[in-house]
Amino acid sequence: MKSQKLILLITFYIYHFITTAQENKGSFFNQVTLRKSFQSKNDKAEPAIITYSNPKEKEASWLINGAVGINVLPKTKKVLTLSPYIEYHRNTLIDKEQDNFQTGLALEWQTSDISTNGWTPVLISSIKYNNDNIKDISSFQGNIYFTPLFKGKALEAKYFWLPNTTVNFGKLFQFVYTPYLGLENENRISTEENIDEGNIYRGYFRISSNILLFPINEKLKNRFEFNVDWQYRYNFSENIQSLNTSEHQYFTTSFNYIFFKTDDDKKSAKIGLDYVNGENPTKNFEEQSFYVISLKIKL
């Protein structure tokens, strides 16, 4: 009964937040963002995920992947956001449970004027405190990612190869992909076991893509989408005895039904079926695979 009340409370809070933000455009609410994490470009951010299971005569299980941040530079003339944030990842539905808390400062900076240059680098960076409650490891982490942004090409399909460029393939689907290249570091400040102590420096490459189905159909547009995300990390320097691999791959694909979406795509609510395989050491997600149906919210 307590768990059911908690689900209702979360649902009511999300609904209240969405409606209040819509009624107070330009207010403090539009400086707050709810998303899955701060590892993506702002306009390509994945929604926060919530799943709850309470089987008869068994313990309840949770999947929560969410981050809340506040942009403290809403009035800057530059294309720049700076957001203190907290992030939490909890998954008891899988064999190797995840219980990870992070808090830090996230930056996204479009470094030049795209209207005069035709394209611009976009830098995404964060510094954060990370706590793995499963292995009892605390660390400071940092990252800097780069992705190129090009001037709009009027949705013409011939420009599909350009990163961060949305194109239409007839009436069937709309496509966009985003590559990332960067560096990550992890400096552990507290560990339960001595073999877990040390520092890690990683190279990072990622490609995420979105396919929106039936983009010009009045009844079906903005209703169904297919996402693919592949991440690769390589430890080029580390001194931790417990590590037994230098390569880390993470793959996820999802099919979503969108039941709420604003015109600028900054806010949305979805139900999705996801497949996840691999590992993400920045969020203490260990090597494994699973399917899950989730409620997904982005604000």
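In this predicted model, Phe255 has a relative accessibility of 39%, and this residue therefore counts as partly exposed, since the value falls between the limits of 20% for buried and 50% for exposed residues. Phe224, with a relative accessible area of 24%, is likewise partly exposed, and Tyr257, at 36%, is also assigned to the partly exposed class.

The count of aromatic pairs comes to 14. One of these joins Phe224 and Phe255, whose ring centres lie 6.1 Å apart and whose planes meet at 15 degrees, so that the pair is classed as stacked. This contact links distant parts of the chain, because Phe224 belongs to strand β11 (residues 224-238) and Phe255 to strand β12 (residues 247-261), with the two positions 31 residues apart in numbering.

Phe224 also pairs with Tyr257, and here the ring centres are 5.5 Å apart while the planes stand at 50 degrees, so this pair is tilted. Like the pair described above, the contact between Phe224 in strand β11 and Tyr257 in strand β12 links distant parts of the chain, the two residues being 33 residues apart.

Elsewhere in the model, ring pairs link Phe160, Phe169 and Phe173 into a cluster. Charged side chains are also found over aromatic rings: Arg35 lies over the face of Phe38, at 4.4 Å from the ring centre, and the charged end of Lys153 is placed over the ring of Tyr159, at 5.2 Å from the centre of that ring.

Definitions and conventions
Residues are numbered from 1 along each chain as its sequence is written. This is a predicted model: local features need pLDDT of at least 70, side-chain atom pairs count only at pLDDT 80 or more; totals for chains, interfaces and linings use all residues. Side-chain values use heavy atoms; hydrogens and water are left out. Rings of Phe, Tyr and Trp (its six-membered ring) pair if their centres lie within 6.5 Å; planes under 30 degrees apart count as stacked, over 60 as edge-to-face and the rest as tilted. Helices (H or I, at least four residues) and strands (E, at least two) are DSSP runs, numbered from the N terminus. Buried means under 20% relative accessible area, exposed over 50%, partly exposed in between (1.4 Å probe, protein chains only). A charge sits over a ring if NZ of Lys or CZ of Arg is within 6 Å of the ring centre and within 35 degrees of the ring normal.
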